[in-house]
Amino acid sequence: LVVAWFGSDLRSGQCQIRPKVEGAGRETSGMTWTVGPVTREDAEVVSQLNGRPAYGGTPCDASVLAAIRDLKARGLRVVLYPFILMDIPPDNSLPDPYGGARQAAFPWRGRIRPGGALATDVATFTGTAAPADFSRAGDVIGYAGPDEWSYRRFVLHHAHLAEAAGGVDAFLIGSEMRGLTLAHAGGGSYPFVTALKNLATAVRSVLRPQTRVSYAADWSEYGAHQPAGGELRFPLDPLWADPAISMVAIDNYMPLSDARGRETDNPLDVAALRGAIRGGEYFDWYYA
């Protein structure tokens, strides 16, 4: 279950992560939009593109809780996946940490990177929100911590949501943050990986023991990193080895089978699909 909040800047020291809505004046029935202490009137509105919202807004806490409970009632196992969408419109005037005239429009979250002093930027982005800064009163998640829209506040809010819903099977503390996880401070130090380890411990203290916790790596950050100087490092290994982490997780979007030459086939032919999957592409052979 993917639940999105929105990042504001590719420079980690300036990036805030907060829930947003599609419109400030909407009336709803059945439930009222709130995310933690943020009401619709207080929330920022997502950018417009061609006169329409560029993104769907953040689902309210009540709808996330209802979705988790419904999925569990259907006998499905639930992974709660806090997700960052970058709400940076095409006409922005933000300095680009990659050297462009402006930051790319609606970029991938993996492009968030330190824009200044590495340790300071990572600390600012991560924040200091702690599990004890949150409260649960029934289905309402309260917050009384530092005045920050930080990465820790974002993730810990969802950990408390998971518990308010009666628990989930697995929980991700992030995904595809390669611009930060590969930011090397020298001597084998990767400050954001250390921050993820600390966050995993904090999340583990909120969730019930049987909930599995991990970070979903992009394929480009999962393995080795070779910073300047010829070193060969494995930045995420300390995170994977941390006692709070239950499993190695990698986002993987491979096709199930090769459709070349079969474009006119019935896409709903289950027998043909099963045969193609058994054909071994990607695990037994691949095209050169």
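This passage describes how the helices pack and where empty space is left in a predicted model.

Two packed helices are described by the angle between their axes and the distance between the axes. A good place to start is helix H5, residues 191–206, which packs with helix H3, residues 151–164, at an angle of about 25°. The axes of H3 and H5 lie 10 Å apart. Because angles under 35 degrees count as roughly parallel, H3 is described as roughly parallel to H5. The crossing of H3 past H5 is right-handed. On the H3 side, the contact is made by Tyr151, Arg152, Val155, Leu156, Ala159, His160 and Glu163. Their partners in H5 are Phe192, Leu196, Asn198, Leu199, Ala202, Val203 and Val206. By class, the residues of this contact of H3 with H5 comprise 10 nonpolar, two polar and two charged.

H5 also packs with helix H2, which spans residues 118–126. Here the axes come within 9 Å and cross at roughly 30°, so H2 too is roughly parallel to H5. H2 and H5 make a right-handed crossing. From H2, the residues Leu118, Val122, Phe125 and Thr126 take part, and they meet Pro191, Phe192 and Ala195 of H5. The contact of H2 with H5 has six nonpolar residues and one polar residue, with no charged ones. Readers following along in the structure may like to look at Phe192, which is listed for H5 in the contact with H3 and is listed again in the contact with H2.

Turning back to H3, its packing with helix H1, residues 61–73, has an angle of about 50° and axes 9 Å apart. That angle makes H1 oblique to H3. H1 passes H3 in a right-handed crossing. Asp61, Val64, Leu65 and Arg69 of H1 make this contact with His157, Leu161 and Ala164 of H3. Sorted by class, the residues of the contact of H1 with H3 are four nonpolar, one polar and two charged.

The empty space in the model comes next. Rolling a probe the size of a water molecule over the atoms shows where empty space is left. The structure holds one cavity of 30 Å³ or more, and the largest cavity contains about 50 Å³ of space. Its lining is formed by Trp5, Pro19, Val35, Gly36, Pro37, Val38, Phe134, Tyr143, Trp149, Arg153 and His157. Eight of these lining residues are nonpolar, two are polar and one is charged. His157 links this part of the account to the helices, as it lines the largest cavity and belongs to the H3 side of the contact with H1.

The largest pocket holds about 190 Å³ of space. Its lining is made up of 13 residues, and those nearest its centre are Arg113, Pro114, Arg178, Gly179 and Ala183. In the lining of the largest pocket, six residues are nonpolar, four are polar and three are charged.

Methods. Residues are numbered from 1 along each chain as its sequence is written. This is a predicted model: local features need pLDDT of at least 70, side-chain atom pairs count only at pLDDT 80 or more; totals for chains, interfaces and linings use all residues. Side-chain values use heavy atoms; hydrogens and water are left out. Axes are lines fitted to C-alpha atoms, for helices over the stretch in contact, and angles run from 0 to 180 degrees between N-to-C directions. Helices (H or I, at least four residues) and strands (E, at least two) are DSSP runs, numbered from the N terminus. Angles under 35 degrees count as roughly parallel, over 145 as roughly antiparallel, 65 to 115 as roughly perpendicular and the rest as oblique. A crossing is left-handed if the near helix is turned anticlockwise from the far one by less than a right angle, and right-handed if clockwise. Contact means heavy atoms within 4.5 Å. Ala, Val, Leu, Ile, Met, Phe, Trp, Tyr, Cys and Pro count as nonpolar, Asp, Glu, Lys and Arg as charged, and the others, Gly among them, as polar. On a 1 Å grid over the protein atoms alone, a cavity is a set of points where a 1.4 Å probe fits but cannot get out, and a pocket is an open set with protein on both sides within 12 Å along at least five of seven lines; lining residues have an atom within 4 Å of a point. Grid points are joined across faces, edges and corners, and a volume is the space filled by probe spheres set on the points.
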